[in-house]
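Good morning, and thank you for joining. I would ask you to keep the sequence and the structure in view while I speak.

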Amino acid sequence: MSLQVEKLENNTAKLTIEVAAEEFDKAIQAAYQKNKKQFNIPGFRKGKVPYAMVEKMYGAAVFYEDAANALIPGAYADAAAESELEIVARPEITVVQIEKGKPFIFEAEVTTKPEIKLGKYKGVKVDPIDATVTDDDINAEIDKVKEQNSRLVAVEDRAIENGDQAVIDYEGSVDGVPFEGGKAEDYPLTIGSHSFIDTFEDQLVGKKPGDDVEVHVTFPEQYHAKELAGKPALFKVQIKEVKMKEYPEIDDDFAQDVSEFDTLEEYKADIRKNLEEKKAKDAEIQKEDAVIEAIIEKAEMDIPEKMIEAQAQQMVEEFAQNIAMQGMSFDQYLQFTGGTVEQLTEQVKPQAKSRIERSLVLDAVVKEEGIEATDEEYKEEIEKMAKQYQMEADKVEEYLSEDDIKNIKKGICAGKAAKFVTEQAK
């Protein structure tokens, strides 16, 4: 393989990659071996048609595309490494020459990491962050626990109010025709949860057990079921039961039930201690974010759009993986929300840009301050990964590629840079 690198404008470069004729011819033969069973030519058994006959019948270019697709990934990866460019987005591939017996030549136009000019990054001024724990904060935590320990009790002497749970049967129809998924029995609906469309829950407020109610709603224009999107619907609802939440008294008995403490005051003191620790950590994170944001504002950088697109696509892929870990496929999520991959990618672009700006700034600080990852810090990071994946540290290292190791050390350096500029801030 031979390579020519031409730097272009706007953080782009063109790699002209030439693969030897012998390698291209081998790729053609490999494509023939892979696909020969697909050819039926009279006089030959299926899968036994000679290459020369296939070429004669279908033309010399019959296997060019498969051969090129087989060669390009590896040749491009080698060329990218040899170029020593910091490539930040997928390349645009253009085939220049493809012909049996001649070198295979293609171009890869790539987006490269932009240059950044740091402004002031030491002694940055940021507004102080209040980490004080108030009585309202403590009461809010107690309210959460109180909510968790509430119980539902049936009520018969009053109408439905917000916060109640109504047990209902319902059947929905559009233009008098029932639709799929629009019917249920003994459904427990929390009023005010907004889990049902439009004003469905609002129209049950004031009704009583035993009432039959006609609920009129309109499906959203972006509803995942396209046949229902934007259409008015009628739900016939029977209210079978109404339940209200009953909350425990906040006293010493409550403290004993929900904690290891004997008195409410001891329980509150423990909540205060935990909140103070949490708020202090949150304040550190907020200060770091504020410092880095201030450095970004003072820095000069021109981020290529393709770099933002690549980062946005990666974020969508990460989101899809998180959704899958919660037991829902990405396709199901999109159907439920009525969105598309393209819309989601567009939505995360501002966050993608912010993530890139942060990374570029911290990389620049690392370079400016000569920050490095020590062997001890690297080992500590491997130990954390081993604990996370419940593996031995040496086994984790066996699975790491050179790029993985490089990225781990880069992350360590970025963390040290963030700590450095935060400590320097005023």
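I will go through salt bridges, charged surface patches, and then a few individual residues.

Please bear in mind throughout that this is a predicted model.

I begin with the salt bridges. How many salt bridges are there? The count comes to 30. I have chosen several of them to discuss.

The first case pairs R90 with E317, with 3.8 Å between the closest N and O atoms. R90 sits in the loop between helix 3 (64-83) and strand 3 (92-97), and E317 sits in helix 7 (residues 305-325), so this salt bridge ties together parts that are 227 residues apart in sequence. As for their surroundings, R90 is exposed, with a relative accessible area of 60%, whereas E317 is partly exposed at 42%.

Next, consider K349 and E305. Their closest N and O atoms are 3.3 Å apart, and the two residues form a salt bridge. This pair also links distant parts of the chain, since K349 belongs to helix 10 (residues 349-369) and E305 to helix 7, with their positions 44 residues apart. Is K349 buried or exposed? Its relative accessibility is 15%, and because buried means under 20%, K349 counts as buried. Its partner E305, at 43%, is partly exposed.

A contrasting arrangement is found within helix 4. There, the side chains of D143 and K146 meet in a salt bridge, at 3.8 Å from N to O. Both residues lie in that helix, 3 residues apart, which is about one turn. D143 has a relative accessible area of 41% and is partly exposed; K146, at 22%, is likewise classed as partly exposed.

Salt bridges can also be joined into a network. In this model, one such network links E86, K113, D363 and K410.

Staying with helix 4 (residues 135-148), I draw your attention to D137, which is found there. Which residues does D137 touch, leaving aside those up to four places away in sequence? The contacts are T132, L275 and K279. The C-alpha atoms of D137 and L275 are 8.1 Å apart, although 138 residues separate the two along the chain. D137 has a relative accessible area of 23% and is partly exposed.

I turn now to the charged surface. A negative patch is made up of E376, E380, E383, E392, D394, E397 and E398. Helix 11 (375-389) and helix 12 (393-399) are the elements that each give two or more residues to this patch. One of the members, E383, lies in helix 11 and is partly exposed, at 48% relative accessibility.

There is also a positive patch, formed by K120, K125, K298 and K426. Of these, K426 is located in the segment after helix 13 (402-424). K426 is exposed, with a relative accessible area of 60%.

Finally, I would mention two points of backbone geometry. N10 has a positive phi of about 55° although it is not a glycine. This residue lies in the loop between strand 1 (2-7) and strand 2 (12-19), and N10 is exposed at 58% relative accessibility. H194, also not a glycine, has a positive phi of about 60°. H194 is placed in the loop between strand 8 (177-190) and strand 9 (212-218), where it counts as exposed, at 63%.

That concludes my presentation, and I welcome your questions.

Technical notes:
Residues are numbered from 1 along each chain as its sequence is written. This is a predicted model: local features need pLDDT of at least 70, side-chain atom pairs count only at pLDDT 80 or more; totals for chains, interfaces and linings use all residues. Side-chain values use heavy atoms; hydrogens and water are left out. Patches are made of residues with over 30% relative accessible area and no salt bridge: like charges are joined within 9 Å, nonpolar side chains (Val, Leu, Ile, Met, Phe, Trp, Tyr) within 5 Å. Accessible areas come from the Shrake-Rupley method with a 1.4 Å probe; for residues, only the protein chains shown count as cover. A salt bridge is a side-chain nitrogen of Lys or Arg within 4 Å of a carboxyl oxygen of Asp or Glu. Lys and Arg count as positive and Asp and Glu as negative; His and the chain ends are not counted. The place of a charge is taken as NZ of Lys, CZ of Arg, CG of Asp or CD of Glu. Helices (H or I, at least four residues) and strands (E, at least two) are DSSP runs, numbered from the N terminus. Buried means under 20% relative accessible area, exposed over 50%, partly exposed in between (1.4 Å probe, protein chains only). Contact means heavy atoms within 4.5 Å.
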